[in-house]
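Please look over the sequence and the model shown below before reading the report.

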Amino acid sequence: MDESGERPVDRRGFIKGSAVGAAAFAAPGKMMNERTEEAEVHDADAHEHTHGHGHGHDHDHDHQDVPSDIALRVRALESVLIEKEMVDPAALDEIVDNFENRIGPQNGARVVARAWVDPGFRDRLLADGTSAIGELDYLGGQGEHMKVVANTDSVHNLIVCTLCSCYPWPTLGLPPVWYKSSAYRARAVIEPREVLREFGLDLPEDVEVRVWDSTAEIRYLVLPQRPPGTADMTEEELAELVTRDSMVGVARVASPS
Ligand code: FE
């Protein structure tokens, strides 16, 4: 699908080579897994969804206080479903509340902090991410099958979805705009070090970069390294340090200031 209508992501000058869309697939040697046909079926759906957010681009027609087409369609669908008693409005409110208040990177941060303080949990997390994350009750839609990859002094992991925007919702919430951009999706594979540099993370050449391609079947979470200066911190205090970006792999967790 053509993405040219989307507003360029201007975070830290990240987009400098946006015309690389399909080229992501030109560097299969760097991918850590391969997609299945089923994944692509799902991803086509997700792709459709991704493009529902493209109303922020520059264009000529006047903006008015009229809801967008998609908002109108959602409202119409919602009223019909409620009228026919096929959905409970309270259940819809609960879902919205979940995404606004309960699901987000704070959940992933608690997983990371637990792994930092509990070696047994860390071992289980790396051996079977789904099961260990389930211990903390952070499984759910778009996060049913989780793989956790640990950063070390010699390995840095980076997460992408080259085809669309697959992302572990229960542990990280909804994906940021840059994660869904065609530039990130392609360049994370082709030139991950340069992408990381643009995010402000300059990795030494002797650190191996591993790029993991999320799919409908499996979603990844990076276990960042515990920063220096945190030996006396509690699990809760440690969780406060862990950022979304560090769990996608575009940043490190900084020492407390
Ligand atoms: Fe995807």
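The report goes from the whole protein to one helix, and then to a few single residues.

**Overview**

This is a predicted model, in which local features need pLDDT of at least 70, side-chain atom pairs count only at pLDDT 80 or more, and totals for chains, interfaces and linings use all residues. Residues are numbered from 1 along each chain as its sequence is written.

The protein has 12 helices and 4 strands. Helices (H or I, at least four residues) and strands (E, at least two) are DSSP runs, numbered from the N terminus. Of the 257 residues in the protein, 32% are buried. A residue is buried if 20 or more other C-beta atoms lie within 10 Å of its own, exposed if 12 or fewer, and partly exposed in between, with the C-beta atoms placed from the backbone.

Two residues are in contact if their C-beta atoms, placed from the backbone, lie within 7 Å. Among contacts between residues at least 6 apart in sequence, 77% join residues at least 24 apart.

**The core and helix α4**

In soluble globular proteins, nonpolar side chains tend to be buried together. A nonpolar core is a set of buried Ala, Val, Leu, Ile, Met, Phe, Trp, Tyr and Cys residues joined through C-beta atoms within 7 Å. The largest nonpolar core here has 47 residues, and V112, V160 and V242 touch the most other members. Helix α4 (residues 105-117) gives the most to this core, with 6 residues.

Which residues does V112 touch, not counting residues up to four places away in sequence? They are L223, P224, V242 and M247.

The buried residues of α4 include V111, V112, A115 and W116. Among the elements that cover the buried residues of α4 are α5, α6, β4 and α11.

Helix α4 has 13 residues and reaches 19 Å from its first C-alpha to its last, close to the 18 Å expected at 1.5 Å a residue. The expected span of a helix is 1.5 Å times one less than its number of residues.

**Helices α4 and α5**

Two packed helices are described by the angle between their axes and the distance between the axes. The axes of α4 and helix α5 (residues 119-127) come within 5 Å and cross at roughly 125°. Axes are lines fitted to C-alpha atoms, for helices over the stretch in contact, and angles run from 0 to 180 degrees between N-to-C directions. Helices α4 and α5 are therefore oblique to each other. Angles under 35 degrees count as roughly parallel, over 145 as roughly antiparallel, 65 to 115 as roughly perpendicular and the rest as oblique.

Helix α4 passes α5 in a left-handed crossing. A crossing is left-handed if the near helix is turned anticlockwise from the far one by less than a right angle, and right-handed if clockwise. In this pair, V111, R114 and A115 in α4 meet F121, R122 and L125 in α5.

**Helix α3**

Is helix α3 buried or largely in the open? Of the 14 residues of α3, the number buried is 0, so α3 lies largely in the open. Helix α3 (residues 89-102) reaches 19 Å from its first C-alpha to its last, close to the 20 Å expected at 1.5 Å a residue.

**Partly exposed residues**

The table lists residues with their C-alpha distances to a partner in space.

| Residue | Partner | Apart in sequence | C-alpha distance |
|---|---|---|---|
| M233 | V117 | 116 residues | 9.6 Å |
| A150 | M247 | 97 residues | 9.8 Å |
| Q142 | T171 | 29 residues | 9.5 Å |

M233 is in the loop between β4 (219-223) and α11 (235-241), and counts as partly exposed with 18 C-beta neighbours inside 10 Å. A150 is in strand β1 (residues 146-150) and is partly exposed, with 14 such neighbours. Leaving out residues up to four places away in sequence, A150 touches L126 and L223.

Q142 lies in the loop between α6 and β1 and is partly exposed, with 19 C-beta neighbours inside 10 Å. Beyond four places in sequence, Q142 is in contact with Y167, P168, W169 and R219.

**Positive phi angles**

Most residues other than glycine have a negative phi. E85, which is not a glycine, has a positive phi of about 55°. E85 is in the loop between α2 (69-83) and α3, and is exposed, with 7 other C-beta atoms within 10 Å. D137 is also not a glycine, and its phi is positive, near 70°. D137 lies in the loop between α6 (129-135) and β1 and is exposed, with 9 other C-beta atoms within 10 Å.
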